[in-house]
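Student: Hey, can we go through this one together? I'm new to it.
Tutor: Sure, take a look and then we'll talk.
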Amino acid sequence: MSATAEKRKAKKAVDTFKLRFSAKSVNESFARMAVSAFVARLDPTVSELADIKTAVSEAVTNCIVHGYKDARGDAEILLKGSIYADGRVVIEIKDKGLGIEDVETAMLPMYTTDPAGERSGMGFTVMGAFCDGLKVRSAVGKGTTVVLTKKIGFGRL
Amino acid sequence: MEITTNEKDGVLTVSLKGELDHHGAVAARQDIDAAISRTSPKKVVLVLDRVNFCDSSGLGLIMGRYKKALSVGATLTVADPSEAVERIIKLSGLTEIIKTERSGVL
Ligand SMILES: Nc1ncnc2c1ncn2[C@@H]1O[C@H](COP(=O)(O)OP(=O)(O)OP(=O)(O)O)[C@@H](O)[C@H]1O
Ligand SMILES: [Mg+2]
């Protein structure tokens, strides 16, 4: 990491939120709307907003269909967001589901463990392409945490 | 997700409106497959100009219907994809497989 990146990271978040909601597919749009509303103050462009909404949707959907195998509407997803002074937005999506054995392999384009569910294995690729940072932590039997970083308004400052 | 289907001369036209995520895709999948089974079309047209959100689950829906159409001897075409649909198709590299047409009136 560069010295400036180091310095930026050290900065404290200027604003944060934390949400916990049921792992139901109807809440995918709820999560997208919550994040849109949270970042609205940064005056994102249409495409920045579409990027972050799509990435959040991918991560939340993965919690529901893979983490909880589509059958744990009683389980919960944790959604956290932070805005930093320089316009960086960090969104964390966490489940306490099945976890991923090999994260590196899971993140490869077209890799899916659920082709029967009409999945194409593009979720992590979408998250990576539409965000400036993507980190995945996972432990089998414990759950998965995805951390998305998106710079908003950087070109316009 | 609003789904309208219309069959005429062997062409099944399916129009989707709303957010094509995992939640919307599950509902749309059932309706579209039922319509395909019912009408045995030669061609399926998915009209996606009013889809204002689409993620990889939407991509899965399109690919799944492509396979479903093939299985009954029909072709599948995406008509007038919205910006949201287009960016996902492009990113996936499935532009060769997913045939797209534009009506030109939009
Ligand atoms: N939260 C999670 N819990 C458990 N496994 C996960 C989780 N997220 C992803 N995975 C695993 O990683 C794989 C790849 O995820 P990715 O989102 O890239 O593709 P997909 O969900 O299979 O397909 P698509 O996103 O295109 O519908 C999944 O098939 C699954 O095995
Ligand atoms: Mg996925």
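Tutor: Let's begin with a contact in this predicted model: a polar side-chain atom of Ser56(B) lies 2.9 Å from an oxygen atom of ligand 1.
Student: OK, and how much of ligand 1 does the protein bury?
Tutor: Taken alone, ligand 1 exposes 600 Å², and the protein buries 96% of that.
Student: Which elements give two or more residues to the shell around ligand 1?
Tutor: Those are helix H3 (46-67) and helix H5 (123-130) of chain A. The largest share, 5 residues, comes from H3(A).
Student: Where does ligand 1 lie, chain-wise?
Tutor: Between chains A and B. In total, 20 residues surround ligand 1, and the closest include His66(A) and Arg119(A).
Student: What's the shell like by class?
Tutor: The shell has 11 polar, 6 nonpolar and 3 charged residues.
Student: Which backbone atoms come in?
Tutor: A backbone N or O atom of Gly121(A) lies 3.0 Å from an oxygen atom of ligand 1. For Gly67(A), a backbone N or O atom lies 3.3 Å from a nitrogen atom of the ligand.
Student: Back to H3(A): is that helix mostly covered or mostly uncovered?
Tutor: Mostly covered, as 16 of its 22 residues are buried.
Student: And what span should H3(A) have?
Tutor: At 1.5 Å a residue, its 22 residues should span 32 Å; the end C-alpha atoms are 30 Å apart, so the two agree.
Student: What happens just after H3(A)?
Tutor: Lys69(A) takes a positive phi of about 50° there.

How values were computed. Residues numbered from 1 in each chain as written. Chains lettered and ligands numbered in written order. Predicted model: local features only at pLDDT ≥ 70, side-chain atom pairs only at ≥ 80, totals over all residues. Heavy atoms only, no water. Near = heavy atom within 4 Å. Polar contact = N/O pair within 3.5 Å; in protein donor to acceptor, adjacent residues only side chain to side chain. Areas by Shrake-Rupley, 256 points an atom, 1.4 Å probe, with all protein chains shown as cover. Helix = DSSP H or I, 4+ residues; strand = E, 2+ residues; numbered from the N terminus. Nonpolar A, V, L, I, M, F, W, Y, C, P; charged D, E, K, R; others polar. Expected span 1.5 Å × (residues − 1). Buried < 20%, exposed > 50% of the residue type's maximum accessible area, 1.4 Å probe, protein only.
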